[in-house]
Amino acid sequence: MKLSIIGSGYVGLVTGTCLAEAGHTVLCVDNNQAKVKELQAGHIPIYEPGLEELVRRNVQLKRLSFTASTQEAVANSEVIFIAVPTPPQDDGSVDLSYVEAVAREIAEALPAYRIIVDKSTVPVKTGEKVAETIRRYGPKGIEFDVVSNPEFLREGSAVADLQKPDRIVIGVASQRPVAAMRAVYEPFKAPIIITDLNSAELIKHAANSFLALKITYINLVAAVCEAGGADVTQVAEGMGSDARIGRAFLQAGLGYGGSCFPKDVSAFIRIAEEMGVDFGLMREVEKINAAIPERFLKKIRASLWTMRDKKIGQLGLAFKGNTDDVRCSVAVELIRRMAAEGAIIRCHDPKGGEKAKELLPKNVEIMADAHQVAEGADVLIIATEWPEYRLLDWSKIKTLMRTPRIFDGRNLLNPAEMISLGFEYTSIGR
Ligand code: UDX
Ligand code: UDX
């Protein structure tokens, strides 16, 4: 089928590429001309494991192409996906201006029946507003359907998540687009759940908020483990073996960040409370999660006595491992706070350094090699769960540091091993 995706970012580009890989002809649209040129030249502006070769392959097979023109996309595709940003506003509500603008552009270009699919994470009832907008700005008499098809891909495993989804959710206001949407996803051989429009939109916010709640719960249990001399990884193992709980998303650490959970939780709270539902539970989740970085810094401050002029090495800038995305990254937040207290900081990230630069104070050094952050350091922090940090030469790191103190914010390393290497090793809940 001929499809187009409007908004070629972490969500749109990966979705478009995987749909092309599944055999469709996909046109990815972006209003950032520079980005379109980069993509046409085969340069991928984001890091996602496996994405680069998939883009190259499908561009070569002429199944994937890029344009800045929404008009061209609407003229040539039967299904048009909207994957533009839905960023949080200061008051926590969702900024839908990009979605509204794209809906208008699509309406003005409608030549015949089209299916418009909202993939961006949006508050419930947005689909109805998109339909209203297209009716208002579109040519009279031209029919269309609006569908909600929320994405559940995790950054760092987006290609895998998209190619083997647990389920595909499709929200519709009539039966007409169902056959075409089934055809779009047929190659993925995954369970397809057809719901009404509002339920599909709500599934996304409800799922993400639940995952944020689950992470926050294990971080609370970690605090009790520290006070109670227990090991949160063993507690998580014991809890997670219960099929009703499940082991995933019980990894205690520095709390959740990224471009989704923080904004989706605050959006869900706003949506619920605008509908008169008291969402204190999720407000509490936000509060607990926001307090985790300070709790972690307190441990470091206690060990250093004073932060000013101390040399601190930090491994990790991205909001999680296997991504270059630094949006709402706790790792960046830690550096900002320690720099504000006068610490001298060297940091490293396998992929996120470039994007982190403009977010960090000027005097923070981003090193090319992870071991360099240890040179003369009083303390070494692990802030992002990059698997490759497990493989560093830790005995060499010990000789490089002024004092061998490690604060592992993601429970990445093995406590017994680090202590046997002669480190003072602190982690979360262990
Ligand atoms: C975004 C939202 O953050 C997320 O909530 C939603 O589920 C999907 O879209 P993401 O892909 O991470 O996720 O955003 P980003 O990486 O910023 O990509 C958005 C792309 O859309 C950018 O390339 C931007 O240039 C483009 N864009 C933005 C348009 O093409 N048109 C617009 O009007 C606005
Ligand atoms: C999330 C959802 O998982 C995905 O379904 C949705 O489409 C987008 O939002 P993402 O934000 O990319 O995906 O990454 P995720 O793996 O969910 O991690 C989110 C944050 O939670 C990261 O900061 C990560 O470090 C943290 N996390 C995750 C934990 O602290 N513990 C865990 O057990 C899992």
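**Close-ups of the two ligand sites**

**View 1. Backbone and side-chain contacts to ligand 1.** In this predicted model, a backbone N or O atom of tyrosine 10 sits 3.1 Å from an oxygen atom of ligand 1. Valine 11 joins in with a backbone N or O atom 2.9 Å from an oxygen atom of the ligand. Aspartate 30 uses its side chain instead: one of its N or O atoms there is 2.6 Å from an oxygen atom of ligand 1. The protein covers 89% of the 690 Å² of accessible area that ligand 1 has on its own.

**View 2. The shell around ligand 1.** Zoom out a bit and you'll find 19 residues surrounding ligand 1, with Val11, Asp30, Lys35, Lys263 and Arg327 the closest. Sorted by class, that shell holds six nonpolar, eight polar and five charged residues.

**View 3. Backbone contacts to ligand 2.** Here glutamine 251 places a backbone N or O atom 2.9 Å from a nitrogen atom of ligand 2. Oxygen atoms of the ligand come into play with glycine 257, whose polar backbone atom is 3.0 Å away, and with phenylalanine 319, which has a backbone N or O atom at 3.1 Å. Of the 650 Å² of accessible area that ligand 2 has on its own, the protein covers 93%.

**View 4. Who lines up around ligand 2.** There are 20 residues around ligand 2, and Leu153, Glu155, Lys204, Lys320 and Glu385 come nearest. The mix is nine nonpolar, four polar and seven charged residues. Helix α9 (residues 197-228) supplies the largest share of this shell, three residues. Domain 1 (2-190) and domain 2 (197-430) each chip in at least three residues.

Key. Residues are numbered from 1 along each chain as its sequence is written. Chains are lettered from A and ligands numbered from 1 in the order in which they are written. This is a predicted model: local features need pLDDT of at least 70, side-chain atom pairs count only at pLDDT 80 or more; totals for chains, interfaces and linings use all residues. Side-chain values use heavy atoms; hydrogens and water are left out. A residue is near a molecule or strand if one of its heavy atoms lies within 4 Å of it. A polar contact is a pair of N or O atoms within 3.5 Å; within protein, one must be able to donate a hydrogen and the other to accept it, and residues adjacent in sequence count only if both atoms are side-chain atoms. Accessible areas come from the Shrake-Rupley method with a 1.4 Å probe; for residues, only the protein chains shown count as cover. Ala, Val, Leu, Ile, Met, Phe, Trp, Tyr, Cys and Pro count as nonpolar, Asp, Glu, Lys and Arg as charged, and the others, Gly among them, as polar. Helices (H or I, at least four residues) and strands (E, at least two) are DSSP runs, numbered from the N terminus. Domain bounds come from an automatic or database domain assignment.
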